[in-house]
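Thanks, everyone. I have one structure to go through this morning, so please have the sequence and the model in view.

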Amino acid sequence: MSGDFTVFGTPVYWTDLIGNIAALATVVLAMRRSVWTWPVQLTGAVLLFIASINAEITGNALKQVLFGALAVYGWYKWTKGMRDDGGLAVRPASTKERSALIGAMVVGTVAIALLFTWLNSMDLHISWAPWPDAYIFVGSAVATFAQGRALLDFWWIWVLVDLVGVPLAFTSGLVVSGVVYAIFLVLVILGFRSWLKQYRATAAVPA
């Protein structure tokens, strides 16, 4: 794989580097419940889309397209929520919502993986790893959607995505993405603790 420059003999794309810096900033801003997390995520999605196309990881590229659309959705939901409630009201997902999120991950992963596999059989070579690619694609979409609705559960969905995303990024040659995904695991835990603390503080206040 070629790149814009090398680090210890490993090729690195500028779009991959800057896009992942934006992705890390997105997580930090989400921890602080800042609405700026969404425009930063939109910027990172554009850059990582370019990096994924260069690395021929079509599934990840499609994920960035979806991220861009969900960033617009989240931007709208958080802005509206902060305007209506005077602040971002975070909460755990209900049993119905949680079941829907899990169901979407399972059904979506199977459907997208089969689609990628079929497209590969048509010599389109859309993904060299259809199942993990599909899992990351769908899991990322579900996590971002849940984040847009300010559900605490979105942090743990990201943990499940990162457990597959880290090794896939390294084997795909996107070293920066692999390192960033690993850092995400730490930030996600910190973010969950921050949101949980805020939820408990809000829940303790009488209506």
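The secondary structure here comes to seven helices and two strands. Along the sequence the order is β-β-α-α-α-α-α-α-α. Keep in mind that this is a predicted model.

Some overall values. The protein has 207 residues, and 46% of them are buried. It exposes about 10,500 Å², with carbon and sulfur atoms supplying 72% of that area. As for contacts, if we take those between residues at least 6 apart in sequence, 69% join residues at least 24 apart.

Now the interior. The largest nonpolar core contains 48 residues, and the members that touch the most others are Trp 155, Ile 157, Trp 158, Phe 184 and Trp 195. At least two residues of this core come from each of helix 1 (14-31), helix 2 (37-54), helix 3 (58-85), helix 4 (95-121), helix 5 (130-148), helix 6 (154-172) and helix 7 (175-203). Which helix gives the most to this core? Helix 6 does, with nine residues.

Take Ile 157 as one example from that list. Setting aside residues up to four places away in sequence, Ile 157 touches Leu 101, Met 105, Gly 139, Val 142 and Ala 143.

Next, the empty space. How many cavities of 30 Å³ or more does the structure hold? There are two. The largest cavity has a volume of about 330 Å³. Helix 1, helix 2, helix 3, helix 6 and helix 7 are the elements that give two or more residues to its lining. Helix 1 gives the most to that lining, with eight residues.

In total, 27 residues line the largest cavity, and those nearest its centre are Ala 23, Val 27, Phe 67, Trp 158 and Phe 184. You will recognise Trp 158 and Phe 184 from the core list, where they are among the residues touching the most other members. By type, the lining divides into 15 nonpolar residues, ten polar and two charged.

Let me go on to three individual residues, beginning with Thr 144. This threonine sits in helix 5. Is Thr 144 buried or exposed? Its relative accessible area is 1%, so Thr 144 is buried. Apart from neighbours within four places in sequence, Thr 144 is in contact with Trp 38, Gln 41, Phe 67, Leu 70 and Trp 158. Two of these names, Phe 67 and Trp 158, came up a moment ago as residues nearest the centre of the largest cavity.

The second residue is Thr 26, in helix 1. Thr 26 counts as buried because its relative accessibility is 8%. Outside its neighbours within four places in sequence, Thr 26 is in contact with Thr 37, Val 40 and Gln 41. Gln 41 is also a contact of Thr 144. For a spacing in this region, Thr 26 and Thr 43 are 17 residues apart in sequence, and their C-alpha atoms are 9.9 Å apart.

The third is Ser 34, in the loop between helix 1 and helix 2. Why does Ser 34 count as buried? Its relative accessibility is 18%, and the cut-off for buried is under 20%. Neighbours within four places in sequence aside, Ser 34 is in contact with Leu 29 and Trp 78.

To recap: a core of 48 residues, a largest cavity lined by 27 residues, and three buried polar side chains, namely Thr 144, Thr 26 and Ser 34. I'll stop there.

Note on methods:
Residues numbered from 1 in each chain as written. Predicted model: local features only at pLDDT ≥ 70, side-chain atom pairs only at ≥ 80, totals over all residues. Heavy atoms only, no water. Core = buried A, V, L, I, M, F, W, Y, C linked by side-chain atoms within 4.5 Å. Buried < 20%, exposed > 50% of the residue type's maximum accessible area, 1.4 Å probe, protein only. Helix = DSSP H or I, 4+ residues; strand = E, 2+ residues; numbered from the N terminus. Contact = heavy atoms within 4.5 Å. 1 Å grid on protein atoms, 1.4 Å probe; cavity = no way out; pocket = protein on both sides within 12 Å on 5 of 7 lines; lining within 4 Å. Points joined across faces, edges and corners; volume = space filled by probe spheres on them. Nonpolar A, V, L, I, M, F, W, Y, C, P; charged D, E, K, R; others polar. Areas by Shrake-Rupley, 256 points an atom, 1.4 Å probe, with all protein chains shown as cover.
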